[in-house]
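Work through the following exercises with the model open beside you, and try each task before reading its solution.

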Amino acid sequence: MRLSCLVVALCLRVGVMAGKYSREVNEPKSSGSDGQAVEFRIVKLNQVWEKAKRMQLSPVRQAELHSDLKIQEKDELQWKKIKVEGLDENGEKEAQLRRNFNVILAKYGMDGKRDARSLESNSLKDHETKEGDIFDDPRLDKLWNKAKSSGKFSSDELLNLKREFQHHKDKIHEYNILMDTVSRTEEIHKNVISPLEGDTKEHVLPQKHTELKEKMRDLNHGFERLRKISHEGFTEDSEFREPRVIELWEAAKRANLSADELDSLKEELRHFETKVQKHSHYQEQLELSHQKLRHVETLGDKEHIRRNQEKYNTLSEKTREMGYKMKKHMQDLSNKISRQGLQHNEL
C-alpha cells in the first residue's frame with residue numbers, strides 16, 4: 001500500500017514538473033485574458049496588435065500592420081527552427097529579425113518617438129513647403145510638379161506616376177526608420193561596458209551598414225527611374241504598372257540574369273501584379289465599408305448595424321489575408337532575384 005502511494009505521488013510530481021515546462025505553458029494560449037482568440041503565436045506580436053487596436057488606426061493601416069506582423073511571425077518561427085539546428089551561430093539572422101521588429105514599431109508609431117522621419121531625406125531638409133508639395137521631399141515635389149505640368153501624360157498615366165512617386169516616398173521613410181534603428185543600435189554598442197558583450201555585437205554592425213547601402217542604392221535607382229519617366233514619359237513597352245512590381249523588375253534587370261531567367265521571372269511578376277491589384281481593390285472596399293458602417297451606426301438601426309459590421313469584419317479578414325500572401329510573395333521574389341543574381345556573379 002505504502003509503495004503504491006509513493007508511485008502515485010511520484011507520478012503526480014512528474015506531471016506537475018512536466019506541466020511547468022510543457023509547450024502549452026510556454027507558448028501563448030489560444031485565447032487572451034478576455035477569452036478572445038489571440039492573433040499570433042508569439043507573445044510580443046500579440047502585445048503590439050492589442051496596442052494597435054487601442055490606437056484606432058485606419059482600417060487599411062491596421063490591416064497592413066497585421067500583414068507585417070504575420071510576416072514577422074513566420075520569419076521568427078523559421079529562425080527558431082534554424083537556431084535549434086545551429087545555423088545562426090553568429091546571430092546575424094536574429095539581429096535582422098530584431099531590426100525588422102523595431103522597424104515595424106517605428107513604421108506604425110509604436111516606438112515611443114514622435115515621428116518626424118517622414119520629413120527627412122538625404123536631400124535638402126530646410127525647405128519651405130509650397131502649394132503642390134505633397135511628397136515631403138523637395139526633389140520629388142519638384143520632379144512631380146514638372147511632370148504634372150509637362151502635358152506628356154494622360155490622366156491615367158499621371159495616376160500611375162503619382163503612385164510610383166508615393167511608393168518612392170514610402171521607401172525613403174523606411175530607409176530613414178532603418179537608419180534611425182541602426183544609429184540607436186550603434187549608440188548602445190558604444191556604451192557597452194563589458195568587452196565580452198561588445199564582442200558579441202561587433203559582427204552585426206557591418207551587416208546593418210550593408211543593408212543600409214543596398215537600400216540607398218535602390219533609392220537612387222528608383223529616383224533615376226522617376227526622373228527619366230518624368231522627362232521622357234512612359235514608353236510603349238513598359239512592362240508593369242504597379243510600383244512594387246516595377247521595383248522587383250528593375251532589380252531583376254540589374255541582377256545579371258540570363259534571358260530565359262528574365263522571361264520566367266517576368267511571367268511570375270505578371271501574376272504577382274494581379275495579386276497586388278486585387279489587394280489594392282480590397283483595401284478600397286474595406287475603407288468604403290468602414291465609412292458606411294460609421295454612417296449606419298449614427299442611424300441606430302441595430303439589425304442594419306449588425307449586417308454592415310459582419311460585412312466589414314469579413315472584408316477586414318480577407319484584406320489581411322491577401323496582404324500577408326502578397327507580402328510573402330514579394331519577399332520570396334526578392335530573395336529569388338538576390339540568389340540568382342549572386343549565383344551569376346560568382347560564376
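**Exercise 1.** Decide whether Q56 is buried or exposed in this predicted model, and describe its backbone.

*Solution.* Begin with the accessibility: Q56 has a relative accessibility of 70%, and because the cut-off for exposed is over 50%, Q56 counts as exposed. Next, place Q56 in the chain, where it lies in the loop between α3 (43-55) and α4 (59-84). Finally, turn to the backbone: most residues other than glycine have a negative phi. Q56, although it is not a glycine, has a positive phi of about 55 degrees.

**Exercise 2.** Describe α10 and the residue N256 that comes just after α10.

*Solution.* Start with the length of α10: its 12 residues, at 1.5 Å a residue, should span 16 Å, and the end C-alpha atoms are 17 Å apart, which agrees. Then look at the side chains, and note that the buried residues in α10 include P243, I246, W249 and A252. Moving on along the chain, N256 lies in the loop between α10 (243-254) and α11 (259-299), and N256 takes a positive phi of about 60 degrees. With a relative accessibility of 46%, N256 counts as partly exposed, because that value falls between the cut-offs of 20% and 50%.

**Exercise 3.** Work out how α4 and α11 are oriented to each other, and which residues make the contact.

*Solution.* Two packed helices are described by the angle between their axes and the distance between the axes. For α4 and α11 the angle is about 135 degrees, and the axes are 9 Å apart. Since an angle over 145 degrees would be needed for roughly antiparallel, and roughly perpendicular covers 65 to 115 degrees, α4 and α11 are therefore oblique to each other. On the α4 side the contact is made by P59, V60, A63 and E64, and on the α11 side by H279, Q283, L286, E287 and H290. Sorted by class, this contact has four nonpolar, three polar and two charged residues.

**Exercise 4.** Classify the ring pair formed by F153 and F234, and say where the two residues lie.

*Solution.* The ring centres of F153 and F234 are 5.9 Å apart, and the planes are at 85 degrees, so the pair is edge-to-face. The pair links distant parts of the chain, 81 residues apart, with F153 in the loop between α6 (138-148) and α7 (155-190) and F234 in the loop between α9 (204-232) and α10. As a last step, check the accessibility: F153 is buried at 11% relative accessible area, and F234 is buried at 13%.

How values were computed. Residues numbered from 1 in each chain as written. Predicted model: local features only at pLDDT ≥ 70, side-chain atom pairs only at ≥ 80, totals over all residues. Heavy atoms only, no water. Helix = DSSP H or I, 4+ residues; strand = E, 2+ residues; numbered from the N terminus. Buried < 20%, exposed > 50% of the residue type's maximum accessible area, 1.4 Å probe, protein only. Axes fitted to C-alpha atoms, helices over the stretch in contact; angles between N-to-C directions. Parallel < 35°, antiparallel > 145°, perpendicular 65-115°, else oblique. Contact = heavy atoms within 4.5 Å. Nonpolar A, V, L, I, M, F, W, Y, C, P; charged D, E, K, R; others polar. Expected span 1.5 Å × (residues − 1). Phe/Tyr/Trp six-rings, centres within 6.5 Å; stacked < 30°, edge-to-face > 60°.
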